[in-house]
Amino acid sequence: MPAVPLNQIQAQIAELSWKYTRAPEYVESLRALFNQYGSLVFKKGQVTHKLRAYPSYHVPPVLVNQLELSLLSNHRRYPQASLAPVDALWQEEMIEPKTLAAALLGRVDTGVPDPVLQRVLLCCQPDLHPLVQEVVFDHATLTLRERYASVWLDQIEAWADHQTQSVKNMGLRAMLPLAKDRQFDNLPP
């Protein structure tokens, strides 16, 4: 028998989905869900070095994947309400809610790049942990990379040309998802 039954997770996530448009309630219920499953699968001593570097609930990846699918489904139903859950999830201190916030932000397209770019700029500060920066650059910038590439490249260039080394490093990290993306054919800039 698996440690975490998928049908049980899906039922709990379906119940959680009803709170999508009420961000504080959604995050509170999500926190309870993470606490429930975090203690079931985490065994001290079996943690990768990457996870030790940032606070985590240590939940099974299937839970985070199912939550991400649910968030994207809710986003398709209520696109105008999607920025509130992003903001609420980002305020949490653990990596899993931040990962979900980044995944959802990467799908938001308000018709202009500013709301997404502003949130990426707020999320990515030079002193932010590199693991969290990686999550933001890999997931939250998806819409910027696909639909507003020139705006995103301008921001990366501003970071790369900055006087401070930590900001330059952030610009270099922001370039990695572009270099990995096979659809992106504008590598010289």
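This passage describes aromatic pairs, a helix, a nonpolar core and a loop residue in a predicted model.

Six aromatic pairs were counted in the model. One of them joins Tyr 20 and Tyr 26. Their ring centres lie 6.2 Å apart. The ring planes meet at 85°, so the pair is edge-to face in the sense of edge-to-face geometry, for which the planes must be over 60 degrees apart. Both tyrosines are shielded from the surface by the cut-off of under 20% relative accessible area. Tyr 20 is buried, at 0%. Tyr 26 is also buried, at 1% relative accessibility. These two residues belong to one aromatic cluster together with Tyr 78.A second pair is formed by Phe 137 and Trp 152. The ring centres are 6.1 Å apart, and the planes make an angle of 50°. This pair is tilted. Phe 137 lies in helix H8, residues 130-140. Trp 152 lies in helix H10, residues 149-160. The pair therefore ties together parts that are 15 residues apart in sequence. Phe 137 and Trp 152 are both buried.

Trp 152 has further contacts beyond its sequence neighbours up to four places away. Among the residues it touches are Leu 117, Val 120, Leu 144, Trp 159 and Leu 178. Thr 141 and Arg 145 are also touched by Trp 152. The largest nonpolar core contains 53 residues. Trp 152, Leu 63 and Leu 67 have the most contacts inside this core.

Leu 63 and Leu 67 are also among the buried residues of helix H4. Other buried residues of H4 include Val 64, Leu 71 and Leu 72. The buried set also includes Gln 66, Ser 70, Asn 74 and His 75. Helix H4 covers residues 61-77, which is 17 residues. At 1.5 Å a residue, H4 should span 24 Å. Its end C-alpha atoms are 25 Å apart, so the expected span and the model agree.

Attention turns next to a loop and a charged residue. Glu 92 sits in the loop between helix H5 (83-90) and helix H6 (95-105). Its relative accessible area is 13%, so Glu 92 counts as buried. Neighbours within four places in sequence are left aside in its contacts. The contacts of Glu 92 are then Val 27, Arg 31, Tyr 57, Pro 97 and Lys 98. Lys 98 also meets an aromatic ring. The charged end of Lys 98 sits over the ring of Trp 90, 4.4 Å from the ring centre.

Key: Residues numbered from 1 in each chain as written. Predicted model: local features only at pLDDT ≥ 70, side-chain atom pairs only at ≥ 80, totals over all residues. Heavy atoms only, no water. Phe/Tyr/Trp six-rings, centres within 6.5 Å; stacked < 30°, edge-to-face > 60°. Buried < 20%, exposed > 50% of the residue type's maximum accessible area, 1.4 Å probe, protein only. Helix = DSSP H or I, 4+ residues; strand = E, 2+ residues; numbered from the N terminus. Lys NZ or Arg CZ within 6 Å of the ring centre and 35° of its normal. Expected span 1.5 Å × (residues − 1). Core = buried A, V, L, I, M, F, W, Y, C linked by side-chain atoms within 4.5 Å. Contact = heavy atoms within 4.5 Å.
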